[in-house]
Amino acid sequence: MTTRDIQISIKQGAAELHQHEHTEEAIVENLYDEYAHMLFRYAVTLLGNPDDAEDAVQEVFTRIAQQINRVRRVENPKPYLFTATRNAAFSLLRSRQRQTLLTEAICADLLTSPITNTNPDSLLVCQTFTELPVEQREVLVLKVFEEMTFKQIADVVGSSLNTVASRYRYAIDKLRQSMEADGHG
C-alpha cells in the first residue's frame, strides 16, 4: 500500500466517521423537532412549572444524544420519549421533595438551636435561610450544625478555604441583615 493509498483510505474513513456523526446528530434533531413540544407540554402537566419541564425535556434529549445506539433500536420513539420524560420529571420531583425535606429539617434544627430558640424571630431566620444560595446554606449547616472547620468544609465541597469562609460570612451577613431589616437587629 502506497502513501497515497493510505491518505485516501484515511480521508474515506474520516468522511464516513463525519457522516456517521452527522447521522447521529440528525436523529436527535429530528426527534427533537417532532416531539419536543409534546414532551414539554406533558412535563409541564407533571411538574406544574415550565422551567422544570424544560429541564426534564433537556435531560431526555441529552441522554438520547449520549445513548444514540439505544434509541436506534427503538421501534416506536413516541412512547419511549414520553416514558423518558415521565422518568425525568419524577426524578426532578423526587429531588425537589428531598430538598424540601432537607430544608424543613434544617429549619426545625434552627428553631430548636440554642442560637435561635431564644429568639422570637426564629421563623424569620428560617425563612431567610431558605432564601440563601445553596452553596451558602451548605457551608452554614456544615459549620454551625456539624461543627466542621473551614478546612474540613473546603474538602467536602471541593472549594478553597477562602471561598468557604466567604460563603459562611455572606450567609451570616444575610441572616443579620434580614433581622436588622425587620427591626430586630
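Okay, let's start in the middle of this thing: the largest nonpolar core has 19 residues, and the ones with the most contacts inside it are Leu31, Tyr35, Leu39, Phe61, Ile64 and Leu81. Four elements each put two or more residues into this core, namely α1 (3-47), α2 (50-66), α3 (68-72) and α4 (77-112). The top contributor is α1, which gives eight residues. And there's another core apart from that one, with seven residues, including Leu142, Met148, Val157 and Val164. I'll come back to that end of the chain.

Before I go on, a reminder that this is a predicted model.

So, the overall picture. How many helices and strands are in the chain? Eight helices and zero strands, so if you like topology strings, you get α-α-α-α-α-α-α-α along the sequence. Of the 185 residues, 28% count as buried. Take the contacts in the chain with a separation of 6 or more: 58% of them come from residues 24 or more positions apart.

Let me walk through a few individual residues, beginning with one from the big core. Isoleucine 64 is in contact with Val28, Leu31, Val71 and Leu81, once you leave aside its neighbours within four places in sequence.

Next one, threonine 85. You'll find threonine 85 in helix α4. Is threonine 85 buried or exposed? Its relative accessibility is 0%, and the cut-off for buried is under 20%, so threonine 85 counts as buried. What is threonine 85 in contact with, leaving aside neighbours within four places in sequence? The list is Leu39, Tyr42, Ala43, Val57 and Val60. Leu39, you'll remember, was on the list of residues with the most contacts inside the largest core.

Now a charged one. Aspartate 52 has its place in helix α2, and aspartate 52 is buried, with a relative accessible area of 16%. Not counting residues up to four places away in sequence, aspartate 52 touches Leu47, Leu92 and Arg96.

Let's follow one of those partners. Leucine 92 is in helix α4. Leucine 92 has a relative accessible area of 25% and is partly exposed. How far apart are leucine 92 and aspartate 52 in space, C-alpha to C-alpha? The answer is 7.6 Å, with their positions 40 residues apart in sequence terms, that is, 40 residues apart. With neighbours within four places set aside, leucine 92 is in contact with Leu47, Asp52, Asp55 and Ala56. Leu47 turns up for aspartate 52 too.

One more on α2, for contrast. Glutamine 66 also sits in helix α2, but at 61% relative accessibility glutamine 66 counts as exposed. Glutamine 66 and glutamate 24 are 42 residues apart in sequence, and C-alpha to C-alpha they are 10.0 Å apart in space.

Right, over to the other end, and some helix packing. Two packed helices are described by the angle between their axes and the distance between the axes. I'll go pair by pair.

First pair, α6 and α7. That's residues 134-144 and residues 150-157, and the axes come within 10 Å and cross at roughly 135°. An angle like that makes α6 and α7 oblique to each other. The crossing of α6 past α7 is right-handed. Who makes the contact? On the α6 side it's Glu138, Val139, Leu142 and Lys143, and on the α7 side it's Phe150, Ile153, Val156 and Val157. By class, that contact divides into six nonpolar, no polar and two charged residues.

Second pair, α7 with helix α8, which covers residues 161-181. These two pack at an angle of about 105°, with their axes 8 Å apart, and are therefore roughly perpendicular to each other. From α7 you have Phe150, Lys151, Ile153, Ala154 and Val157, and from α8 you have Leu161, Val164, Ala165, Arg167 and Tyr168. The contact of α7 with α8 has eight nonpolar, no polar and two charged residues.

Last pair, α6 and α8. The axes of α6 and α8 come within 8 Å and cross at roughly 95°, which makes α6 roughly perpendicular to α8. The α6 residues here are Glu135, Gln136, Val139, Leu140, Lys143 and Val144. Opposite them, α8 brings Val164, Arg167, Tyr168, Tyr170, Ala171, Ile172, Lys174 and Leu175. In the contact of α6 with α8, nine residues are nonpolar, one is polar and four are charged.

And that ties back to the second core I mentioned: Leu142, Val157 and Val164 are among its residues. Leu142 is in the contact of α6 with α7, while Val157 and Val164 are in the contact of α7 with α8.

That's my tour, thanks.

Definitions and conventions
Residues numbered from 1 in each chain as written. Predicted model: local features only at pLDDT ≥ 70, side-chain atom pairs only at ≥ 80, totals over all residues. Heavy atoms only, no water. Axes fitted to C-alpha atoms, helices over the stretch in contact; angles between N-to-C directions. Parallel < 35°, antiparallel > 145°, perpendicular 65-115°, else oblique. Left-handed = near helix turned anticlockwise from the far one by under 90°. Contact = heavy atoms within 4.5 Å. Nonpolar A, V, L, I, M, F, W, Y, C, P; charged D, E, K, R; others polar. Core = buried A, V, L, I, M, F, W, Y, C linked by side-chain atoms within 4.5 Å. Buried < 20%, exposed > 50% of the residue type's maximum accessible area, 1.4 Å probe, protein only.
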